[in-house]
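Here is a short briefing to read with the model open beside you. It goes through the sheets, one buried residue and a cavity, topic by topic.

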Amino acid sequence: MKSRWLGAMLSSVIAAAPSAWGQMHKVAKPQQVVRAVGVYEWTGDMAKPTASRLIPVSLFINGSLQDASVYMSQPVPFALETGNVYELEKAGISDGQIDLEFARKLQTADGDGGGWFGYGSFKPLAPIKKAPALRASKTLPVIVSSKDDSRPHFGKADGSAAPSSGTKDSGTKDSSASTKEDSGSSTADDSDRPTMIRRKPDADSSATTTTATTTSTTSASENNPEDDPDRPTLKRRTPAEAKKARDEAESSGTGAVESLNNDPDRPNLHYGRPAGSLTETELPKLVGMPANLHQMVAVSDAVDRDPHDFSRPWADGAERAAVLAKMEAMAQAKLAQYGGTPAPAAVPAATPKKTPVHGKVRHKAATAAAATPVVTLLDEQLKGYTLSYGGAATYIFMAHTAGTGAALRYVTVVAQADDLGELKPALQTVTDAAHLDRTPEMEFVDVVDADASNRASLLFELKAQSSRQFVLYRVIASEAQLIFAGGSIQ
């Protein structure tokens, strides 16, 4: 009996909950985000590239990240449809647009899929219109003086004061009468002053009105005569005339009246590419991986959103030098581990403790640092970002060593500051040129908001010996999480 009562009570609460909760607050419908991310590559000048292409990476739709190169690829991937517009971004700030004209799937020599690529024309940002400069007016205002400065008054067109009528405190009763002649003369002199004349009713007024009405009607009829050949008319066809027109259209094979088909201004619909669009021969395609290749993140969104700048400017040169020294120390430690030697100790925060060994004192940190070789790093790149509003600073460091083959090594380090401002590594990778198929080179492209959440992710390109792949990492609390990995591109 008790369980039945609880069940009935629970069902009544559930039944009444929607109406009660609906009166308390209104739940807004979640926004449907459709957002595509790609990588735009070009050679030459960005405004007029010698060759270019767009590589689709990710597509955020239905609340999840999909591979943009294969999503609804029948016949063309959804992210590469003709007419899609991509914003070229640097750390979240737009730097131009790409209008897609067509897409092609390249095939490799062995028949494997080479991947989908989009091709379009670059359009720079519209220049910001400047407001017109403020200039001093050439016509200065004229101040009209009178005896009573607090009383409003009118002035003539030439700037002189109008004649004043009598005031309450003038002390004369006939002031208005005494100035009647003067005001009349001033009225005659002022041609711009409006006047009102009252008509006297007479017997001829009705006749005059009737004559004027008749005259206006006559003039209107003369201007719009009923027998005007250019006057438009509406006429309904008889059944015989309508059947005759249909028979003429069917016999001519046009399916419409001949006069309508001959109209040069008549709009028409047809299949095919618009006349003003570019063709494949006019738009050069980028092939292979040339040495002077440039990359930039491209974002296409169904909604125009406010820009979010994820870049973190340096306070001064000393701050950048301090961060660079710490990132280099992390890279040197990772390179030492990759070579099989013990990693050098990080920059010590305090004096290392002395440890007695068989009556001798040794400095462990100093011995380890002396045993670790220091490798020269070339082409160092250090970039700083703030991945979210009020988030911690995130730094990306890339460099490589000298040599060829196994001696040529690539190192990438991602670190994030903790609550105390100390840098902690979130992602570290090292590989060499001879083993890229085992461990590909991780090259940083840029940060991008892949799901329109105002939180940026790190976009990397994984370069192997004969293939490439794009991945997205999200860094939170000095931990990097792989959130998306695209397909391999040959």
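Two strands count as paired if DSSP finds at least two bridges between them. With that in hand, strand E14 and strand E15 (residues 457–463) are joined by 7 bridges and run antiparallel. Please keep in mind that this is a predicted model.

**The protein as a whole**

- The secondary structure comes to 8 helices and 17 strands.
- Of the 490 residues in the protein, 28% are buried.
- Among contacts with a separation of 6 or more, 52% are between residues 24 or more positions apart.

**The sheet E10-E11-E12-E13**

- This open sheet has 4 strands, in the order E10-E11-E12-E13, and its pairing is antiparallel.
- Strand E10 (378–386) and strand E13 (423–432) each have a single partner strand, so one side of each is left without a neighbour in the sheet.
- On average, neighbouring strands of this sheet are turned by 10° against each other, direction ignored.
- Between E10 and E11 there are 7 bridges in the antiparallel sense, and Leu382 has Phe397 in E11 as its bridge partner.
- E11 and E12 also pair in the antiparallel sense, over 7 bridges; here Ala399 stands opposite Val411 in E12.
- Strand E12 (residues 409–417) is joined to E13 by 9 bridges, and the two run antiparallel.
- Within E12 and E13, you can find Thr412 opposite Thr429.

**Turns and cover in this sheet**

- E10 and E11 form a hairpin with 6 residues between them, and Gly390 in the turn has a positive phi of about 70°.
- The hairpin of E12 and E13 has 5 residues between the strands, with Gly421 in the turn at a positive phi of about 85°.
- Helix H7 (residues 317–338) lies across E10, strand E11 (393–400), E12 and E13, and it runs at about 50° to E13.
- Which residues of E11 point each way from the strand? Ala393, Tyr395, Phe397 and Ala399 point one way, while Thr394, Ile396, Met398 and His400 point the other way.
- In a regular strand the side chains alternate between the two faces of the sheet.
- Both of these sets in E11 are buried, which fits the count for the strand: 8 of its 8 residues are buried.
- E13 is mostly covered too, with 7 of its 10 residues buried.

**The sheet E14-E15-E16-E17**

- Another open sheet of 4 strands has the order E14-E15-E16-E17, again with antiparallel pairing.
- Its edge strands are strand E14 (441–448) and strand E17 (479–485), and each of these pairs on one side only.
- Neighbouring strands in this sheet are turned by 35° against each other on average, direction ignored.
- Where E14 meets E15, Val448 stands opposite Ser457.

**The hairpin of E4 and E5**

- Strand E4 (residues 85–90) pairs with strand E5 (residues 93–107) in the antiparallel sense, over 5 bridges.
- One of the facing pairs is Val85 and Asp99, the latter in E5.
- There are 2 residues between the strands of this hairpin, and Ala91 in the turn has a positive phi of about 55°.

**Val297, a residue to look up**

- Val297 lies in strand E7 (residues 294–301).
- Is Val297 buried or exposed? Val297 has a relative accessible area of 1%, and buried means under 20%, so Val297 is buried.
- Leaving out residues up to four places away in sequence, Val297 touches Val37, Gly38, Glu87, Leu88, Glu89, Val445, Asp446, Val448 and Leu459.
- Val297 and Val39 are 258 residues apart in sequence, yet their C-alpha atoms are 4.8 Å apart in space.

**The cavity**

- How many cavities of 30 Å³ or more does a search of the whole structure find? The search finds 1.
- The largest cavity has a volume of about 50 Å³.
- Its lining is made up of Pro56, Val57, Asp67, Ser69, Phe470, Gly486, Gly487 and Ile489.
- By class, that lining has 4 nonpolar, 3 polar and 1 charged residues.

Key. Residues are numbered from 1 along each chain as its sequence is written. This is a predicted model: local features need pLDDT of at least 70, side-chain atom pairs count only at pLDDT 80 or more; totals for chains, interfaces and linings use all residues. Side-chain values use heavy atoms; hydrogens and water are left out. On a 1 Å grid over the protein atoms alone, a cavity is a set of points where a 1.4 Å probe fits but cannot get out, and a pocket is an open set with protein on both sides within 12 Å along at least five of seven lines; lining residues have an atom within 4 Å of a point. Grid points are joined across faces, edges and corners, and a volume is the space filled by probe spheres set on the points. Ala, Val, Leu, Ile, Met, Phe, Trp, Tyr, Cys and Pro count as nonpolar, Asp, Glu, Lys and Arg as charged, and the others, Gly among them, as polar. Axes are lines fitted to C-alpha atoms, for helices over the stretch in contact, and angles run from 0 to 180 degrees between N-to-C directions. Contact means heavy atoms within 4.5 Å. Buried means under 20% relative accessible area, exposed over 50%, partly exposed in between (1.4 Å probe, protein chains only).
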